[in-house]
Amino acid sequence: MKFTKKTQVSEKAVESQARSAQKERRSFLDLVAKSGVASSTLRYSSLLGGVMTARYAQAQDSPKRVVYCYIHSGSPGDWRPSSASNMSSSSAPYAPVADICNFRGVDTEVAGHGGARQALGGNYSPGTTADGKLGPILGPSSYYTTMFLGSNAADGGAGAGNIIGEGLPIEDPQQALGKFFGALPEVGSDDTYKKSFEAQKRAVESIKKKLSSTELDRLDAHFSAIEKIEQRITDQSTAAAPDLNACKPNIPGGYDDSSNDGMVEHAKLQADIIVAAFKCDLTRVGVLQIGNHQGGGWTYRGYDGHSAAHSGGAGVWNAMMTEKFQVPAYFIDQLRKTRDSNGNALIDSTVFCQVSCFGNGLSHASTNAPFLVATGMSGFRNSFSSKSTGATTRDFHFEVAKGLGADVDFDGATGGDVDLLG
């Protein structure tokens, strides 16, 4: 890296901000210590009991869903259209749904391979990605916190091969049907947040005498939030369960994914399963991982998804990626056509997010990565827009979460100039 005067000034500014943040943190901890509140108690009562319960309650006013569709290895350079009626060659698959798509060029901050989890707002090392943060918030009483499916996504153990830090996606549509539409689990059985709430209650009770009247009022509001969520769980556990046979999508028993066309169809089958799960309200958060950060598993004109960029050149790479864009376009269209249990289009209660691990697949740049949001949900942009931003993936996910009514942190992100909210 070449160091310039500008670089040195920038580094000094960062160091100054870090010192300021450390000073504020020390002041805060000093205040906590003087109040007689143990840091372990503070961790449960303030962070979990205060912030998290408010987040849960805020996001539960009406059913809200989010789905992430990961496209491996970025995109061609011209992937964003200039208008809903003027598609570029690469964005042509989006033409039927472009009127509600907000195309955004985002900086993944990882040039080249190895940034799969950055696509979902995480870090290279295992950690909580956007789906993990929002699953318990949007669906605290859902049968499944999240649904993670893949299409040729398994990666041979590379550190950041999968976009979610833990576990592998279900690749076989029939296996996914068996898991999610075979039998219903106990409501909320795969969640652990209720145990956290009980710990919060016990922790807060221990410091009540040290709180001011204003803090006590806020505490009561937090407890009300907890009770609201617990009541929702009780209500759902006694409500009529969805008819899984009626909800179950018609997925063929066999499929050929040995070619690019076949793999696109495979991914569409997985999209159908997530849409059906949303329709039945089995989950509020879904993830579909198409390929992996190395592009392995896909074959097009004799090249796999990785060597297509290195050896095939633009003639192969652009055509291959354009074909893959059929999947998110199909996904959005299905969310438009499918009705929920109240007879409303799923797209009106679902935020569809397309994400990737880097920008232009030929240059391996981190900028202009192919991200987009499509939704009819109030509070978001519901019409066409296209913008190249300086925002990061964390900014993108922060703003999506904000639109969903969930105040969650993505390593200090503020939304930047993502401009997704109406």
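How are α10 and α11 oriented relative to each other? They are roughly parallel to each other, and a legend below returns to this pair. The legends describe close-up views of a predicted model.

**Figure 1. Overview of the chain, which has twelve helices and nine strands.** The chain has 422 residues, and 51% of these count as buried. Among contacts in the chain with a separation of 6 or more, 76% are between residues 24 or more positions apart.

**Figure 2. Helix α10 beside helix α11.** Two packed helices are described by the angle between their axes and the distance between the axes. Helix α10 covers residues 314-324 and helix α11 covers residues 326-337; their axes come within 4 Å and cross at roughly 15°. Angles under 35 degrees count as roughly parallel, and α10 and α11 are therefore described as roughly parallel to each other. On the α10 side the contact is made by Thr322, Glu323 and Lys324, and on the α11 side by Gln326, Val327 and Pro328. Sorted by class, the contact of α10 with α11 has two nonpolar, two polar and two charged residues.

**Figure 3. An open sheet of seven strands.** The strands follow the order β3-β4-β1-β7-β8-β2-β9, and their pairing is mixed. At the edges stand β3 (147-151) and β9 (385-392); each has a single partner strand, so one side of each is left without a neighbour in the sheet. From one strand to the next, the twist averages 20°. Strand β1 (residues 65-71) and strand β4 (residues 285-290) run parallel and are joined by six bridges. Within this pair, Val66 of β1 stands opposite Val285 in β4. Helix α3 (residues 130-138) packs on the sheet and touches β1 and β4. The direction of α3 makes about 165° with that of β1.

**Figure 4. The edge strand β3 and its pairing with β4.** Is β3 mostly covered or mostly exposed? It is mostly covered, as five of its five residues are buried. Met147, Leu149 and Ser151 point one way from β3, while Phe148 and Gly150 point the other way. Residues pointing either way are buried. β3 pairs with β4 in the parallel sense, over five bridges. One residue to locate here is Met147, whose bridge partner in β4 is Gly286.

**Figure 5. Helix α12 among its neighbours.** How many of the eleven residues of helix α12 (residues 393-403) are buried? Ten are, so the helix is largely enclosed by the rest of the structure. The buried residues include Arg394, Asp395, His397 and Glu399, as well as Phe396, Phe398, Val400 and Ala401. Thr393 and Gly403 are also buried. The buried residues of α12 pack against the strands β1, β2 (101-107), β7 (350-356), β8 (369-374) and β9, and against helix α3. Just after α12, Gly405 takes a positive phi of about 85°.

**Figure 6. The disulfide between Cys247 and Cys280.** The structure holds one disulfide. This disulfide joins Cys247 to Cys280, with an S to S distance of 1.8 Å. The pair links distant parts of the chain, 33 residues apart: Cys247 lies in helix α7 (residues 244-247) and Cys280 in helix α8 (residues 260-280). Cys247 has a relative accessible area of 14% and is buried. Cys280 is also buried, with a relative accessible area of 8%. Two further cysteines, Cys69 and Cys101, count as buried at 0% relative accessibility.

**Figure 7. Ala246 in helix α7.** Is Ala246 buried or exposed? Ala246 is exposed, with a relative accessible area of 58%, whereas Cys247 is buried. Ala246 and Phe181 are 65 residues apart along the chain, and their C-alpha atoms are separated by 9.9 Å.

**Figure 8. Asp281 and His364, two loop residues with positive phi.** Most residues other than glycine have a negative phi. Asp281 is not a glycine, yet has a positive phi of about 60°. Asp281 is found in the loop between α8 and β4. His364 is found in the loop between β7 and β8, and its phi is near 65°, a positive value in a residue other than glycine. With 15% relative accessibility, His364 counts as buried.

Conventions. Residues are numbered from 1 along each chain as its sequence is written. This is a predicted model: local features need pLDDT of at least 70, side-chain atom pairs count only at pLDDT 80 or more; totals for chains, interfaces and linings use all residues. Side-chain values use heavy atoms; hydrogens and water are left out. A disulfide is a pair of cysteine sulfur atoms within 2.5 Å. Buried means under 20% relative accessible area, exposed over 50%, partly exposed in between (1.4 Å probe, protein chains only). Two strands pair if DSSP finds at least two bridges between them. Axes are lines fitted to C-alpha atoms, for helices over the stretch in contact, and angles run from 0 to 180 degrees between N-to-C directions. Contact means heavy atoms within 4.5 Å. Angles under 35 degrees count as roughly parallel, over 145 as roughly antiparallel, 65 to 115 as roughly perpendicular and the rest as oblique. Ala, Val, Leu, Ile, Met, Phe, Trp, Tyr, Cys and Pro count as nonpolar, Asp, Glu, Lys and Arg as charged, and the others, Gly among them, as polar.
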